[in-house]
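Trainee: I'd like a close look at one part of this model. Please take me through the lining of the largest pocket by class, and then show me what lies beyond it.

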Amino acid sequence: MTKLRPNGEATLRTDPLAPGKDVSSGRLRQAPENFLTPEDIRQVGQGRRDFLRASFLTATAATVAATAGGRAAAAPAATTGIGDPDILNPTPWGSSLGQPVAATPYGLPSRHERGLVRRQSPGLTQVAAASVSFAPLQGLFGIITPSGLHFERHHQGWQDIDPTRHRFMIDGARPEFVKTPKVYTMDDILRLPPVSRMHFIECGANTGMEWGNVAVPTVQYTHGMLSCSEFTGVPLRTLLEDCGADLKAAKYVLAEGGDGSSMTRSIPIEPVLSGEVLVAYGQNGEMLRPENGYPLRLVVPGVQGVSWVKWLRRVEVGDRPYATKDEAVHYIDLMPDGQHRQYSSIQECKSVITTPSGGQTLMAKGYFTISGLAWSGRGKIKRVDVSVDGGVTWVEATLQTPILSKCLTRFSLPWSWDGQPALLQSRAIDETGFVQPGYGQLRAARGSRSIYHNNAIQTWQVAENGDVNNVQIL
């Protein structure tokens, strides 16, 4: 229930967790954006990753009146109710004509949301064309990532390929694997019956900077190499059957991209035979964006993003993994004894709280909704537990529908913050029974010097002044 107060006083609300108890409305200030200066970026680019965190803390302290953060930056206390000028007085938008129909033919976000963008980490690579940008998970709702905010990872920059000249070829490592090798145009692909499915895609290196210790301040940088879309395309199996591929002899296919990096990846035949693997051209109801592989990419649900080969130009059918550069040298897991393991492409069960999260500030004690995302490369999310005391006690969160296989699942839990320090965590469990590990468990099995496949439980520390910071609990 909402109580109206006299002019100038904040609106008070009844805490849903404590009916009848009048508490201040919890407000949340978003993380400051663009907190690094060009000089900061130069220093981080020289290898000082710890500088990211130090710069962020300084910026947070100086950004009580944050201005560039977009939604709710420096949000004032709630003033709705009797005497609020924004309800009593005419507003410019309520007393004038708006912009004409189709003033922006493709459409753009509100200018008030301009701070919500994907961001490049200056500390990862020295060449922008072979770098990564992170999706702003802290500002998204539901499970679908807007196409314009989908994370990017390129090995030699992105291309905007002319679809009338793009070709897709299927052949075999030996003639007996494919009876009739074919070359398809985009028109050929678009004429075939389509399927649409929602799936997450996560870079194998997502959260990779956190293996050894806390390294970055916000959920955008810790977990932002993660996105989810509705993809539309043709099952690869349909195309292989059209070419007369021997699907009993086949054990792997090799997917090859058409860009300058010559990205190639081995894909086991099992997900292809299941019909899960798509040759996709659509994303969220439109054609793929160039940054995401326009006009054709592979969709391999549950598997790390590097196997979702973009600008797809060829699939070769074979009977063994190909040990290409990006599966023999990169995207391999370092173990505690110094050995590496290969072909560990599945993205295991994982979750993260996106609100409240690092860099945000709880403006006052009271009611908040803890919200986040969970996913598993092995199927559906079965349950998510949330802790506000660093894992001492857990409460089962509410899962929002739809709950789909190898797709993001949104979870939420009501929380009344009493103004005391808190440690927020989420722990996901998938339908196979796999339980997301803590950092202590993960490091015991994998050590602390790896890069890929970090699915440990994330901890956000809420300080007494409301600031939310990235910490780790073993």
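Mentor: Let's start with how the lining residues are sorted: Ala, Val, Leu, Ile, Met, Phe, Trp, Tyr, Cys and Pro count as nonpolar, Asp, Glu, Lys and Arg count as charged, and the others, Gly among them, count as polar. Sorted this way, the lining of the largest pocket has 13 nonpolar, ten polar and eleven charged residues.

Two notes before we go closer. This is a predicted model, in which local features need pLDDT of at least 70 and side-chain atom pairs count only at pLDDT 80 or more, while totals for chains, interfaces and linings use all residues. Residues are numbered from 1 along each chain as its sequence is written, and side-chain values use heavy atoms, with hydrogens and water left out.

How is a pocket found? Rolling a probe the size of a water molecule over the atoms shows where empty space is left. The search uses a 1 Å grid over the protein atoms alone: a cavity is a set of points where a 1.4 Å probe fits but cannot get out, a pocket is an open set with protein on both sides within 12 Å along at least five of seven lines, and lining residues have an atom within 4 Å of a point. Points are joined across faces, edges and corners, and a volume is the space filled by probe spheres set on the points.

Now your pocket. The largest pocket has a volume of about 600 Å³. It is lined by 34 residues, and Ser344, Ser345, Ile346, Gln347 and Arg378 are the closest to its centre. Strand S13 (264-268), helix H7 (269-273) and helix H9 (439-446) each supply at least two residues of this lining. Those names come from DSSP runs, numbered from the N terminus: helices are H or I with at least four residues, and strands are E with at least two. In total, the chain has nine helices and 29 strands.

The second largest pocket comes to about 410 Å³. It has 22 lining residues, with Leu124, Arg153, Ala205, Ile451 and Tyr452 closest to its centre. Its lining is made of ten nonpolar, eight polar and four charged residues.

Arg153 leads us on to the closed spaces. The model has five cavities of 30 Å³ or more, and the largest of them holds about 240 Å³. Of the 23 residues lining the largest cavity, Arg153, Arg297, Gly305, Val306 and Lys310 lie nearest its centre. By class, they are nine nonpolar, eight polar and six charged.

Arg297 belongs to a part of the chain worth a pause, as strand S16 covers 297-299 and Pro295 sits in the loop between strand S15 (286-287) and S16. The peptide bond from Tyr294 to Pro295 is cis, with omega near 10 degrees. Arg289 is found in this loop between S15 and S16 too. A contact means heavy atoms within 4.5 Å, and beyond its neighbours within four places in sequence, Arg289 is in contact with Tyr106, Ser147, Gly148, Gln283 and Tyr294. Take Ser147: it is 142 residues from Arg289 in sequence, yet the two C-alpha atoms are 7.1 Å apart in space. Arg289 counts as partly exposed, at 27% relative accessibility; buried means under 20% relative accessible area, exposed over 50%, and partly exposed in between (1.4 Å probe, protein chains only).

By that scale, buried residues make up 52% of the 474 residues in the chain. In soluble globular proteins, nonpolar side chains tend to be buried together. A nonpolar core is a set of buried Ala, Val, Leu, Ile, Met, Phe, Trp, Tyr and Cys residues joined through side-chain atoms within 4.5 Å. The largest one here has 85 residues, and Phe168, Leu236, Leu240, Val253, Leu298 and Trp415 have the most contacts inside it. Strand S22 (residues 366-375) gives the largest share of this core, five residues.

Finally, a word on confidence. The predictor's confidence in each residue is its pLDDT, from 0 to 100. The chain averages 86, and 83% of the residues score at least 70. Over residues 59-79, though, the pLDDT is below 50. Where pLDDT is low, the predicted coordinates should not be read in detail.
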